[in-house]
Amino acid sequence: MITNFHTHTTRCRHAWGSDEDYVKEAIQNGYKILGFADHACWPYVGKTVHENNYPKEIKTAADFQKYVQWTYQKRESRMRMSPSDFPDYVRSVKHLREKYRHWIEIRLGLEAEYDPAYMDWMLDLCVRYDVDYLILGHHYVMGEENGTYTGLLDKEGLKEYVRTAIEGLETGMYACFAHPELFMRSALLSYDEDIEQAFRTLAQASARLNIPVEYNCSGMICNQASGKERYPHHRFWEIAKEEGCRAVIGMDCHMPEYLERKYYEQAREYLESLNIEIVEDIGKTDFKAIQAMKEQTEKQTDSVSEQRPAKDHRFLTRRNRQAKNTKDSKSFKRRKKSIGH
Ligand SMILES: [Zn+2]
Ligand SMILES: [Zn+2]
């Protein structure tokens with residue numbers, strides 16, 4: 001069964017084609033499940049301004065360049081949808097799910113970083129909008145608002161990437177680890193023993209938590225076009241096999257053509273040559289159960305002792321709340337409200 005759980009839309013500001021174009025392309029290429037996982041919104045209040053002003057009709061590269069200029073002026077992220085885009089994203093995906101239900105199964109997901117300051121907010125969003133799954137795309141260490149872009153990491157940053165990505169996987173909120181070796185995009189890093197160690201630590205965590213790692217086809221296409229190996233990186237995949245990881249093939253398509261079957265087949269051939277188990281369906285995550293468990297853990301932690309610092313990093317409940325409260329609780333509430341139901 002051919003499936004893809006990593007599909008973007010124009011709402012992220014760097015993709016092309018209508019939502020429906022992706023669905024049609026997927027059907028034509030024989031996909032049985034298509035999961036939309038556009039870059040997640042976060043309720044940022046600081047550095048990155050988010051407004052719902054993305055022109056829906058960007059048809060040419062010149063249009064896009066104009067838009068890029070505009071986002072620089074406005075200091076708006078070109079990396080993700082804004083919270084005000086989110087309801088339309090949900091509406092569109094659910095509409096397509098219904099319209100094409102006889103041809104393909106469509107799922108609603110998000111590609112999200114792990115940002116401890118806003119994980120409660122994200123969990124609440126997933127529960128309220130019936131999101132099927134999240135994939136961890138750790139593009140920023142500690143979030144885009146104040147963190148570092150993974151494509152610009154140095155060795156110190158790499159350590160933080162590894163630490164925070166694993167902390168994210170441990171929340172239980174992510175069904176798959178997208179492009180785990182994304183940091184190979186950084187010009188400040190090239191393969192050496194530290195990278196080897198990072199690959200191994202990440203692979204071990206994914207195997208321990210039974211979260212499949214994604215073989216990223218968009219990265220594969222870039223590697224082929226540039227002749228440089230960034231990600232996917234062959235050493236990561238050899239280590240992933242050694243450590244007993246399972247793999248997901250993710251098209252990471254930012255334009256419908258990236259769903260072309262030949263790319264999927266190339267990835268499958270490579271993974272089969274390594275004899276890694278391929279996961280065809282990452283399933284749906286029960287975010288309500290995670291929320292209930294989290295509340296339970298929170299209560300227990302509170303009742304044990306108010307003095308003792310929270311040591312359970314799986315949910316980071318108290319620390320999250322503190323971080324959020326010190327950040328700007330009023331703005332957080334205001335943003336939360338503006339998303340609506
Ligand atoms: Zn993207
Ligand atoms: Zn990504």
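**A walk through the predicted model**

Let's start where the prediction is shaky: over residues 49-54 the pLDDT stays under 50, and for this stretch the model has 15 contacts beyond four places in sequence. Residues 311-341 also have a pLDDT below 50, and there the model shows 50 contacts beyond near neighbours in sequence. Keep in mind that this is a predicted model. Across the chain, pLDDT averages 86, and 80% of the residues score at least 70.

Now for the inside. In soluble globular proteins, nonpolar side chains tend to be buried together. Here, the largest nonpolar core takes in 85 residues. If you want to find the residues with the most contacts inside that core, look for Leu134, Ile135, Leu136, Tyr174, Cys176 and Ala240. Take Ala240 and leave out anything up to four places away in sequence: what remains in touch with Ala240 is Ala203, Val213, Cys245, Ala247 and Ile276.

Next, look at a pair of helices. H6 covers residues 155-169 and H7 covers residues 193-209; they pack at an angle of about 5°, and their axes are 10 Å apart. An angle under 35 degrees counts as roughly parallel, so H6 is roughly parallel to H7. Which residues of H6 and H7 meet? On the H6 side they are Lys155, Leu158, Val162, Ala165, Ile166 and Leu169, and on the H7 side Asp194, Ala198, Thr201, Leu202, Ala205, Ser206 and Leu209. Sorted by class, this contact between H6 and H7 has nine nonpolar residues, two polar ones and two charged ones.

Finally, a few spots in the loops have backbone geometry worth a look. Most residues other than glycine have a negative phi, and most peptide bonds are trans. Arg13 goes the other way on phi, with a positive value near 75°. You'll find Arg13 in the loop between strand E1 (3-7) and helix H1 (19-28). Is Arg13 buried or exposed? Arg13 counts as buried, because it has 22 C-beta neighbours inside 10 Å and the cut-off for buried is 20 or more.

His179 has a positive phi too, near 20°. That residue sits in the loop between strand E7 (176-177) and H7. With 29 other C-beta atoms within 10 Å, His179 is buried.

As for peptide bonds, the one from Tyr231 to Pro232 is cis, and its omega is near -5°. Look for Pro232 in the loop that runs between helix H8 (217-226) and helix H9 (234-243).

Definitions and conventions:
Residues numbered from 1 in each chain as written. Chains lettered and ligands numbered in written order. Axes fitted to C-alpha atoms, helices over the stretch in contact; angles between N-to-C directions. Helix = DSSP H or I, 4+ residues; strand = E, 2+ residues; numbered from the N terminus. Parallel < 35°, antiparallel > 145°, perpendicular 65-115°, else oblique. Contact = placed C-beta atoms within 7 Å. Nonpolar A, V, L, I, M, F, W, Y, C, P; charged D, E, K, R; others polar. Core = buried A, V, L, I, M, F, W, Y, C linked by C-beta atoms within 7 Å. Buried ≥ 20, exposed ≤ 12 C-beta atoms within 10 Å, placed from the backbone. pLDDT = per-residue confidence, 0-100.
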